[in-house]
Amino acid sequence: MSLKMAIPNKGRLNERAVELLQKSGLEINGGQDRRLYASVENKDFEIMFLRAQDIPRFIHSGTVDLGITGLDQVMEADVKLDRLLNLEFGFCRLSVAVPESASYSKVEEMPEGLRVATSFPQLTKKFFKGQGKKVDIVQITGAAEVAPHIGVSDLIVDLVSSGSTLKTNRLREMEVIMDSQAVIVANVESNRRKNSEISGLVSSIQSVLLAEKKKYLMADIPVERLKDVETMFPGMAGPTVMSLAGRDDMVAIHVVIDKSQVYDAVNSLKSMGAKGILTLPIDRLVP
Ligand code: AMP
């Protein structure tokens, strides 16, 4: 039975979602054009390109088995889904933002009954209810930041990443409602028969995320520096050590290191007399 996966059809999450699937070894046929549907080479998978905000409900209803979307959309849809993996992109936060000229700087200082423009009515309602503050919610579908300027609302609840859109529109971020990033979600309970396919896909993507943070390093080092090299990479199981044909003064080492270690590692190896130092990208890493 084929596995149906939904990914955002456009916008901020689309490109990286397609890239992650491709890097995990799925060859998506025509994944870059604006189609609704794509198949996967040699796999019984179907990829549906849907709006990020519709994905949680399509998974909940069983139309698709799993999907990639923003955690903000999952929470807004308010349906029970299983969050299987944080994808470490699409970082943003859902925030309350008010005009720079507003006389209040905390929710509790807000007058009652202000109008809040948002495309996240459920989360907004819940948040202000939790704060014991009465507001009127004005539901919009986008560009919330202009709402206070055109008199549609007094403040907004919207997604923020760098904060530059708020600044341009002379708005001040007053409170963060939730932090968000892209996630993989599924309905595990109603999908028992496909669970092994789902977990296979999730662990493939996980291995890509892990590999992207690492580099494969190879070098030929003087035998007498082997102990120093082993202490240089303490977090690892230790470097793989191989002999070099015709040499008893040098050995080859191979080791997986964090990207952030590469700069120092190469310089240290060089100063130890290492030769033929190479660093290579890793496609997948399954610990
Ligand atoms: P889009 O399809 O471009 O509307 O993207 C929607 C999703 O992108 C949101 O639900 C968020 O999860 C994510 N996102 C990340 N950063 C931002 C941002 N600064 N503004 C809006 N959406 C963002």
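A residue is called buried if its relative accessible area is under 20%, exposed if over 50%, and partly exposed in between. The exercises below concern a predicted model.

**Exercise 1. Helix α6**

Determine which residues of α6 are buried, and compare the expected span of the helix with the distance between its end C-alpha atoms.

*Solution.*
1. With the cut-off for burial in hand, the buried residues of α6 are found to be Asn195, Ile198, Leu201, Val202, Ser204, Ile205, Ser207, Val208, Leu209 and Ala211.
2. Helix α6 covers residues 195-212, which is 18 residues.
3. The expected span is 1.5 Å times one less than the number of residues, so α6 should span 26 Å.
4. The end C-alpha atoms of α6 are 26 Å apart, in agreement with the expected value.

**Exercise 2. Two residues with positive phi**

State where Asn42 and Ala143 are located, and classify the accessibility of Asn42 and of Ala143.

*Solution.*
1. Most residues other than glycine have a negative phi.
2. Asn42 is not a glycine, yet its phi is positive, at about 60 degrees. Asn42 belongs to the loop between β2 (37-39) and β3 (45-50).
3. Because its relative accessibility is 74%, Asn42 counts as exposed.
4. Ala143, also not a glycine, has a positive phi of about 50 degrees. Ala143 lies in the loop between β8 (135-139) and β9 (155-160).
5. The relative accessibility of Ala143 is 47%, so Ala143 counts as partly exposed.

**Exercise 3. Aromatic rings**

Classify the aromatic pair in the structure, and identify the residue that lies over the face of Phe45.

*Solution.*
1. The structure contains one aromatic pair. Phe127 and Phe128 form this pair, with 5.1 Å between the ring centres and 75 degrees between the planes.
2. Centres within 6.5 Å make a pair, and planes over 60 degrees apart count as edge-to-face; the pair of Phe127 and Phe128 is therefore edge-to-face.
3. Both Phe127 and Phe128 are buried.
4. Over the face of Phe45 lies Lys43, at 5.6 Å from the ring centre.

**Exercise 4. The ligand**

Describe the surroundings of the ligand and the part of the ligand that the protein buries.

*Solution.*
1. The residues around the ligand include Lys10, Gly11, Arg12, Asp72, Gln73 and Phe91.
2. From Arg12, a backbone N or O atom lies 3.1 Å from an oxygen atom of the ligand.
3. A side-chain N or O atom of Asp72 is 2.5 Å from a ligand oxygen atom, and for the side chain of Gln73 the corresponding distance is 3.0 Å.
4. The ligand taken alone exposes 480 Å², of which the protein buries 78%.

Methods. Residues numbered from 1 in each chain as written. Predicted model: local features only at pLDDT ≥ 70, side-chain atom pairs only at ≥ 80, totals over all residues. Heavy atoms only, no water. Helix = DSSP H or I, 4+ residues; strand = E, 2+ residues; numbered from the N terminus. Buried < 20%, exposed > 50% of the residue type's maximum accessible area, 1.4 Å probe, protein only. Phe/Tyr/Trp six-rings, centres within 6.5 Å; stacked < 30°, edge-to-face > 60°. Lys NZ or Arg CZ within 6 Å of the ring centre and 35° of its normal. Near = heavy atom within 4 Å. Polar contact = N/O pair within 3.5 Å; in protein donor to acceptor, adjacent residues only side chain to side chain. Areas by Shrake-Rupley, 256 points an atom, 1.4 Å probe, with all protein chains shown as cover.
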